[in-house]
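Visitor: I'd like a close look at a single part of this structure, with its surroundings filled in as we go. Please pick one and take me through it in detail.

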Amino acid sequence: MVSIGTSIVVQLFSVLLFVNFAWSTNMAHQNCLFCDISNGKTETILEMETDEFAIFKDIRPASRHHYLIVTKQHYDSLKVLNQSHEKMVLRMEEGLKSFLTSKGINTTDALFGFHFPPFISVKHLHMHGIAPRSEMSFLSRWVFRPATAWFKTVEEAQAYLNKKAI
């Protein structure tokens with residue numbers, strides 16, 4: 001009797017999760033803050049923009065210079081990408097490095113990477129560029145710690161994408 005009750009609860013919970021996931025996935029593009037920012041629909045200042053990406057300051061900087069590069073095409077996160085997106089990820093890194101360099105910011109003491117679901121604050125693919133890395137607080141070093149379940153450097157992101165089939 002207990003196993004039947006437990007089974008029903010598990011099935012109901014699974015259905016609710018699926019419905020919530022399907023609803024949030026379908027609605028994500030319509031109410032996405034980063035889609036609005038990258039398309040110039042907010043007051044956020046775009047520091048640089050191409051047909052593919054937009055760069056702007058992070059509202060909660062982890063160091064003196066903290067920028068985000070976001071794709072103009074909506075992707076929920078690194079998790080939905082595969083091998084075919086590896087060059088896009090490299091272009092994001094190159095774009096962010098070029099931007100920082102153009103502002104006179106040293107990229108040798110910088111951190112570039114992505115938060116990994118469910119540890120993301122905005123469900124839209126974005127790469128962090130943080131410099132100088134050596135001036136990050138203890139908490140920021142923990143939040144943006146490479147090789148963890150919650151944060152992936154560009155190299156770790158590439159390794160992750162290489163394991164996923166097209």
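Guide: What follows is a tour of strand β5 and the parts around it.

A word on ground rules: this is a predicted model, in which local features need pLDDT of at least 70 and side-chain atom pairs count only at pLDDT 80 or more, while totals for chains, interfaces and linings use all residues. Residues are numbered from 1 along each chain as its sequence is written, and side-chain values use heavy atoms, with hydrogens and water left out.

Let's place the strand in the whole. The chain has five helices and six strands, where helices (H or I, at least four residues) and strands (E, at least two) are DSSP runs numbered from the N terminus. Along the sequence they follow the pattern α-α-β-β-β-α-β-β-α-β-α. Of the 166 residues, 40% are buried; here buried means under 20% relative accessible area, exposed over 50%, and partly exposed in between, using a 1.4 Å probe on protein chains only. If we count contacts (heavy atoms within 4.5 Å) with a separation of 6 or more, 63% of them link residues 24 or more positions apart.

Now the sheet. Strands of a sheet pair through backbone hydrogen bonds, either parallel or antiparallel. In this model, six strands form an open sheet with antiparallel pairing in the order β1-β2-β3-β5-β4-β6. At the edges stand β1 (48-49) and β6 (151-153), each with a single partner strand, so one side of each is left without a neighbour in the sheet. Our strand β5 (126-131) sits between β3 and β4 in that order. Two strands count as paired if DSSP finds at least two bridges between them. With β3, the antiparallel pairing of β5 runs over six bridges. In that pairing, H66 faces I130, and V70 has H126 as its bridge partner. On the other flank, three bridges join β5 to β4 (residues 111-115), again antiparallel. There, L111 stands opposite I130.

How well covered is β5? Six of its six residues are buried. One side carries H126, H128 and I130, the other M127, G129 and A131, and all of these are buried.

Just past the strand, the peptide bond from A131 to P132 is cis, with omega near -15°. P132 belongs to the loop between β5 and α4. A second cis bond joins P117 and P118, with omega about 5°, and P118 lies in the loop between β4 and β5. Most residues other than glycine have a negative phi, and most peptide bonds are trans. In the loop between α4 and β6, A147 has a phi near 60°, a positive value in a residue other than glycine. A147 counts as exposed, at 61% relative accessibility.

β5 also takes part in the empty space of the model. Rolling a probe the size of a water molecule over the atoms shows where empty space is left. On a 1 Å grid over the protein atoms alone, a cavity is a set of points where a 1.4 Å probe fits but cannot get out, a pocket is an open set with protein on both sides within 12 Å along at least five of seven lines, and lining residues have an atom within 4 Å of a point. Grid points are joined across faces, edges and corners, and the volume is the space filled by probe spheres set on the points.

The largest pocket has a volume of about 370 Å³. It is lined by 22 residues, and the closest to its centre are D58, I59, R60, S121 and H128. β5 is among the elements giving two or more residues to this lining, along with α2 (33-38), β2 (53-57), β3 (65-71) and α4 (138-143). The largest share, three residues, comes from α2. By class the pocket lining has 12 nonpolar, seven polar and three charged residues, with Ala, Val, Leu, Ile, Met, Phe, Trp, Tyr, Cys and Pro as nonpolar, Asp, Glu, Lys and Arg as charged, and the others, Gly among them, as polar.

H126 also helps line the largest cavity, whose other lining residues include D76, F114, H115 and H124. That cavity holds about 50 Å³ of space, and its lining has five nonpolar, four polar and one charged residues.
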